[in-house]
Amino acid sequence: MSPAEVYRKETFCADLEVGDRVREVFCLSRVERRRGRNGPFLKLAFADRTGEIGGVAWEDVDDLLEVLSEGAYARIEGEIREYRGERQLNVTAAEEVGARVHPADFLPRGPVPGEESMERIEALLETVEDPWLERLLGEFLDDPGFVDAFASAPAAKANHHAYVGGLAEHTLSVMELCASAAEHYGELDRDLLLVGAFFHDVGKIEELAVEPGFGYTERGSLLGHIPLGYAAVRERIGRIEGFPGERATDLGHLILSHQGELEWGSPVQPRTLEALVLHFLDNLDSKVATARTHLADVESGRTAYVRSLGRALVRRAETIEENEAPSEPPAATGGGPDAGEREADGGSPSLFDEMDDGG
């Protein structure tokens with residue numbers, strides 16, 4: 001195959017099952033050289049449009065590193081094995097692709113096109129009545145380049161909404177939650193909260209590259225999405241003569257504090273009611289999306305340990321037939337919620353798990 005030709009994948013991450021022999025092209029979204037009990041090994045992750053699969057290489061580590069690098073493509077040979085309840089690609093060989101790859105094979109896309117989410121976002125923002133915030137929104141939404149970038153961006157590198165259109169999907173969800181909260185809690189500044197929800201992750205347009213693996217850009221790695229988003233909004237505010245300083249401060253606080261805690265990346269903690277609501281609803285939406293991702297392939301029972309949630313998750317099987325009355329609960333036998341020992345969930349990794357990162 002000549003370099004001018006375009007390679008099209010036939011087997012994707014989602015297709016792979018334990019026991020499969022693999023010889024396919026993947027994007028390397030993670031390449032780490034580590035040292036285990038028996039010497040160096042590689043901790044890997046492979047990506048395509050259907051998602052990611054973790055991997056490991058135990059032999060020929062230095063030779064493989066000449067071919068494998070984060071963000072690059074390689075043809076991988078190996079076998080799918082099970083490790084800690086999840087599939088893992090044990091790599092035996094790798095080589096350069098020798099052809100151009102097709103972007104559509106490697107960029108995961110969400111269930112809702114980003115353009116559709118953007119239309120719904122713009123419709124919701126049309127309900128904003130504050131004239132200064134309206135003018136600020138126009139500075140962004142009247143820019144076709146910004147709208148296209150927002151519709152295409154992922155919301156994260158991993159964990160939640162990590163696909164093309166993910167930023168718009170996540171933002172719309174948070175905005176809808178904020179609109180409901182403003183209706184429920186009448187003292188909230190609805191306009192400020194909605195606009196803050198729209199802008200809270202806007203810096204991710206610059207932070208994450210829309211390419212396989214959704215790696216960090218240089219600016220994203222050095223600055224992070226919160227400062228980038230705050231700077232973008234402040235720059236556009238500067239174009240609007242007479243924009244109220246207090247309004248700019250309150251909106252900036254929403255952007256800077258939405259991560260909630262200093263150790264989670266927020267320059268400041270939420271100090272206004274609107275900032276508290278935005279933080280908790282943003283966190284809720286990301287956690288629900290993460291949980292849904294890990295529960296997607298589980299019909300009944302537990303998932304593997306989900307590090308970002310700090311636990312394993314459980315899905316109940318549907319056991320009650322339609323129109324069947326549920327059985328009566330057992331009679332109370334005394335004791336409060338802490339009476340007796342709860343079954344251990346088996347989710348948290350042990351010290352020995354942390355010592356051995358391979359499979």
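Among the contacts in the protein chain that link residues at least 6 apart in sequence, 61% join residues at least 24 apart. The model examined here is a predicted one, and the values reported below were computed from its atoms. The secondary structure of the protein chain comes to twelve helices and nine strands. Of the 359 residues in the protein chain, 43% are buried, while the accessible surface comes to about 20100 Å², with 47% of this area belonging to carbon and sulfur atoms.

Part of the strand arrangement centres on strand 6, which spans residues 86-95. Strand 4, made up of residues 51-57, runs parallel to strand 6 and is joined to it by three bridges, whereas strand 5, made up of residues 73-83, runs antiparallel to strand 6 and is joined to it by nine bridges. Leucine 89 of strand 6 takes part in both pairings, since it is the bridge partner of glycine 55 and also the bridge partner of isoleucine 80. Strand 5 and strand 6 together form a hairpin with two residues between them, and in this turn arginine 84 has a positive phi of about 55 degrees.

Attention then turned to the pockets of the model. The second largest pocket has a volume of about 560 Å³. Its lining is formed by 26 residues, of which Ala156, His160, Lys204, Gln259 and Ser286 are the closest to the centre of the pocket. The elements that contribute two or more residues to this lining are helix 7 (204-207), helix 9 (225-237) and helix 11 (273-295), and helix 11 gives the most, with six residues. When the lining of the second largest pocket is sorted by class, it has twelve polar, eight nonpolar and six charged residues.

One of the residues closest to the centre of this pocket, Ser286, was considered in further detail. Serine 286 lies in helix 11, the element that gives the most residues to the lining of the second largest pocket. The relative accessible area of serine 286 is 9%, and because a residue counts as buried when this value is under 20%, serine 286 is classed as buried. When residues up to four places away in sequence are not counted, serine 286 touches His160 and His170. His160 is itself listed with serine 286 among the lining residues closest to the centre of the second largest pocket.

Key: Residues are numbered from 1 along each chain as its sequence is written. This is a predicted model: local features need pLDDT of at least 70, side-chain atom pairs count only at pLDDT 80 or more; totals for chains, interfaces and linings use all residues. Side-chain values use heavy atoms; hydrogens and water are left out. On a 1 Å grid over the protein atoms alone, a cavity is a set of points where a 1.4 Å probe fits but cannot get out, and a pocket is an open set with protein on both sides within 12 Å along at least five of seven lines; lining residues have an atom within 4 Å of a point. Grid points are joined across faces, edges and corners, and a volume is the space filled by probe spheres set on the points. Helices (H or I, at least four residues) and strands (E, at least two) are DSSP runs, numbered from the N terminus. Ala, Val, Leu, Ile, Met, Phe, Trp, Tyr, Cys and Pro count as nonpolar, Asp, Glu, Lys and Arg as charged, and the others, Gly among them, as polar. Buried means under 20% relative accessible area, exposed over 50%, partly exposed in between (1.4 Å probe, protein chains only). Contact means heavy atoms within 4.5 Å. Accessible areas come from the Shrake-Rupley method with a 1.4 Å probe; for residues, only the protein chains shown count as cover. Two strands pair if DSSP finds at least two bridges between them.
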